[in-house]
Amino acid sequence: MIAYIALSASGDGIVGILYSVAQLLGVYFCVTLHEYGHVLAARRFGIGAVDITLLPIGGVARLKSMPRIPWQELVVAVAGPAVNVVIVTLLLCGFLAFSNEALLYAFKGALTSAISGQGMDEQTLRTMETVLMRPSLTGYAMMLVGVNSMLVLFNMLPAFPMDGGRVFRSLLAMFLSYRRATWIASRAGLLCAAGMAFFALNSTPILWIPVLIAVFIGYAGLAEAKQVDTMESVRGLTVRQAMIPTNVSIPMDTPLAQIFRVWQSHPMHALPVVNDHGLVVGMLHLRDVKLAITTKQDVLTTASELVDRKHYLGPARIDEPLENAIQRGSRQVRQIPVVDPGGFLMGILDLDSMLMRAELATDDLLRRDSEASIEPEDLINGKMLTPPNLPERPNDFSHFDQTN
Ligand SMILES: [Zn+2]
């Protein structure tokens, strides 16, 4: 990125190159401060940050979670753009204090023409050009004012999951359920993204970067809405209700030849590997076993050499809330071992079939409730012959593929 900017400015000599690089660094510095605004606000509510990534199209602060209390999310979302507002205010104050009269006059002229939509007069135009085109401190400050103002305006668009969209969601969540608020906000965000893409594609030349950003917003918004949907549907359930009860595990010193045999009788994508004390040390993925076989590794290769320790974030406790346990999963980790308080294996939480199991568990509870209320006459009249829940609601299964 820096190399590209330097190259495109190379016609202006070494000063031009350095100035362009300084401009770029200035912009990214402001983007970083914006992200720190989010991170510090989240920290006040006890939510840590994973990292801050700077992308060619902006920055992303990854938080461990989003505050679920609407006013807290509002504060976290507003904190980023608020930083840019502060930067703009400080720069403008500095500008007013230090620049000369001619510049101030020109700046005022430019501002009025921008607001009224009329063209600038000759004098203003020339001064502005001189300031903005040639390397100067004033030009640099004005560029940053422009960039920061853009950052505020752009981020406050109600395009979930951008800041404005989060503000929108948190306001909705004050009156609606969290799930419903997210659904509406993500659809509004999709509309925004589609509008943005439409305008960018219809302009000449086509503005590819806004198109890219629109695609990113659309994708990220839907992904987060889906995630919220999953989290809300497991709210109140424990790991026990969604796990596959099993105590099948692979001891660390099991050789490759035997490992495959275990799989044939327990077809899962991953199985837990345990140490001599029966404690889980990680998950062994079928794909890794297959890879070891196809790359013709020694048949004496043991489970402890193949086990995935890198992505493993520890087991889920059996009575832990399901929504906590799910957060240990990732694209690589779809099966999580479940242990009792002593650390011994009780089952496997399979993230891909978890929702179905969770729903069956709730159905099961409902059925037990309804059975308890059945009167003895019902039994005599044969009403028990038709189970109350099973045949009536086959359509419910259509949304089980949500987690994929
Ligand atoms: Zn932001």
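**A tour of the sheet and the helices**

Begin with the open sheet, in which four strands are arranged in the order 3-9-8-7 with mixed pairing. Strand 3 (244–245) and strand 7 (316–317) lie at the edges, and each has a single partner strand, so one side of each is left without a neighbour in the sheet. The model on the screen is a predicted one. In general, the strands of a sheet pair through backbone hydrogen bonds, in either a parallel or an antiparallel manner.

Next, select residues 335–339, which form strand 8, together with residues 345–350, which form strand 9. These two strands run antiparallel and are joined by five bridges. Which residue of strand 9 is the bridge partner of Val339? The partner is Leu345.

Now display the whole protein. Its secondary structure comprises 15 helices and nine strands. Of its 404 residues, 26% count as buried. Among the contacts with a separation of 6 or more, 58% are between residues 24 or more positions apart.

Turn then to helix 2, and select residues 13–44. The end C-alpha atoms of this helix are 47 Å apart, which agrees with the 46 Å that its 32 residues should span at 1.5 Å a residue. Colour the buried residues of helix 2: they are Ser20, Val31, His34, Glu35, Gly37, His38, Val39, Ala41 and Ala42. Just beyond the end of helix 2, Gly46 has a positive phi of about 80 degrees.

Keep helix 2 in view and add helix 3, residues 70–98. Two packed helices are described by the angle between their axes and by the distance between those axes. Here the axes come within 7 Å and cross at roughly 140 degrees. The crossing is right-handed.

Which residues meet where helix 2 and helix 3 are in contact? From helix 2, select Cys30, Leu33, His34, Glu35, Gly37, His38, Leu40, Ala41 and Ala42. From helix 3, select Val75, Val76, Ala79, Gly80, Ala82, Val83, Asn84 and Ile87. The residues of this contact divide into eleven nonpolar, five polar and one charged. His34 and Glu35 of helix 2 take part in the contact and are also buried.

Finally, select helix 6, residues 137–155. Its 19 residues reach 27 Å from the first C-alpha to the last, close to the 27 Å expected at 1.5 Å a residue. The buried residues to mark in helix 6 are Met142, Leu144, Asn148, Leu151 and Asn155. An α-helix has 3.6 residues a turn, so residues three or four places apart point the same way.

Terms used: Residues numbered from 1 in each chain as written. Predicted model: local features only at pLDDT ≥ 70, side-chain atom pairs only at ≥ 80, totals over all residues. Pairing = 2+ DSSP bridges. Axes fitted to C-alpha atoms, helices over the stretch in contact; angles between N-to-C directions. Left-handed = near helix turned anticlockwise from the far one by under 90°. Contact = placed C-beta atoms within 7 Å. Nonpolar A, V, L, I, M, F, W, Y, C, P; charged D, E, K, R; others polar. Expected span 1.5 Å × (residues − 1). Buried ≥ 20, exposed ≤ 12 C-beta atoms within 10 Å, placed from the backbone.
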